[in-house]
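User: I am new to this model and would like a close look at one part of it. Please keep to the helix packing.

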Amino acid sequence: MTTVQHISAGRRVKDRLAQGLVYLAFALAVVPLVSVLWLVIKNGLARFDVEFLTHSMRNIGARDAGGGAYHAIIGTLEQVLLASLISVPIGLLTAIYLTEYGNGGRLSRAISFFVDVMTGVPSVVTGLFVLAFWILFLGMPFSGLAGALALSILMMPTVVRSAEEMLRLVPNDLREASYALGVAKWRTIVKVVLPTAFTGIVTGVMLAVARVAGETAPLLLTVFFTDSINNDPFSGPQMGLPLYVFDQAGRPNDTAIDRAWTGALTLILIVMLLNLVARLIAWWRSPARGR
């Protein structure tokens, strides 16, 4: 009995020690995040007003007060939307092939290999590729579309891997039950597999959006700078929030630094808002609600 009590006491000590280490690791991970958020909010609220959200930097001098990031907000939203329209269908179809049709064949292994390689490609390399091929070789202009092409390359591997994992979590019993009723494979994927994995797929897409929304290097090489509003992402330079923050932070005066902090805060709020909307859509379309 004494030996059993001694063993139980030792296990309790080890359990408490492991629990303490987990809490410590959690605190170490959260402290930098909280400090960054606090710093951005503290410094960004100074210029977070209606003028900042509704005006551009056109005719605003380097040391002038005022001005805003409306042109950059429009640019970021359009560029991320175009990148999503390009990468999400391609990434989702690739994930469907890998999970439903690949069967570990030579082609599926090659695709998985290249997806893994793309995951580790630096963002500046994608910008250089689009600059060299799209702008210099094909002669296309600097534009929001060029930036979206670079961002879509960064998004694709994240979409593929997240969608692939969600599709693999769908129980095979659901597929087999559908096949037993004589339903075609493509229809089973569309009507059974995708709705079941929809919530996870949407979460993966939002992770990819958050991954590229703050990228600066690809936009530096493909979008170029402008202080004016450009609502057409297919023609002419178009500002983005990451570029706006980069530009303002490099100017040696307090008014520009304040605009840079507020631009960073606006970018964080946009990403949080997009994530909230995605979660609401996923909840509304979840199988448990029968939609």
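What are H4 and H6 to each other, oblique or parallel?

Analyst: This is a predicted model, with pLDDT of at least 70 needed for local features and 80 or more for side-chain atom pairs, while totals for chains, interfaces and linings use all residues. Residues count from 1 along each chain as its sequence is written, and side-chain values use heavy atoms, without hydrogens or water.

Start with H4, residues 106–119, and H6, residues 144–168. Helices here are DSSP runs (H or I, at least four residues), numbered from the N terminus. The H4 and H6 axes (C-alpha fits over the stretch in contact; angles 0 to 180 degrees, N-to-C) come within 9 Å and cross at roughly 125°. H4 and H6 are therefore oblique to each other (not under 35, over 145 or 65 to 115 degrees). Their crossing is left-handed (near helix turned anticlockwise from the far one by less than a right angle; clockwise is right-handed).

Who touches whom? From H4 come Ser112, Val115, Asp116, Met118 and Thr119. H6 brings Ile153, Met156, Pro157, Val160 and Arg161 to the contact (heavy atoms within 4.5 Å). Six of these residues are nonpolar, two polar and two charged (nonpolar: Ala, Val, Leu, Ile, Met, Phe, Trp, Tyr, Cys, Pro; charged: Asp, Glu, Lys, Arg; polar: the others).

H4 also packs with H3. The axes of H3 and H4 come within 10 Å, and their crossing angle is roughly 135°. H3 and H4 are therefore oblique too. H3 passes H4 left-handed. Thr94, Tyr97 and Leu98 of H3 meet Leu107, Ser108, Ile111 and Ser112 of H4. That contact has four nonpolar and three polar residues, with no charged ones. Ser112 of H4 thus serves both contacts: it meets H3, and it meets H6.

Now follow H3 to H8. These two helices pack at about 135°, with axes 10 Å apart. That angle makes H3 oblique to H8. Here the crossing is right-handed. On the H3 side stand Val80, Ser84, Val88, Leu92, Ile96, Glu100 and Tyr101. On the H8 side are Lys185, Trp186, Ile189, Val193, Leu194, Ile201, Val205, Val209 and Ala213. By class, this contact holds 13 nonpolar residues, one polar and two charged.

So the chain of contacts runs from H6 to H4, from H4 to H3, and from H3 to H8.
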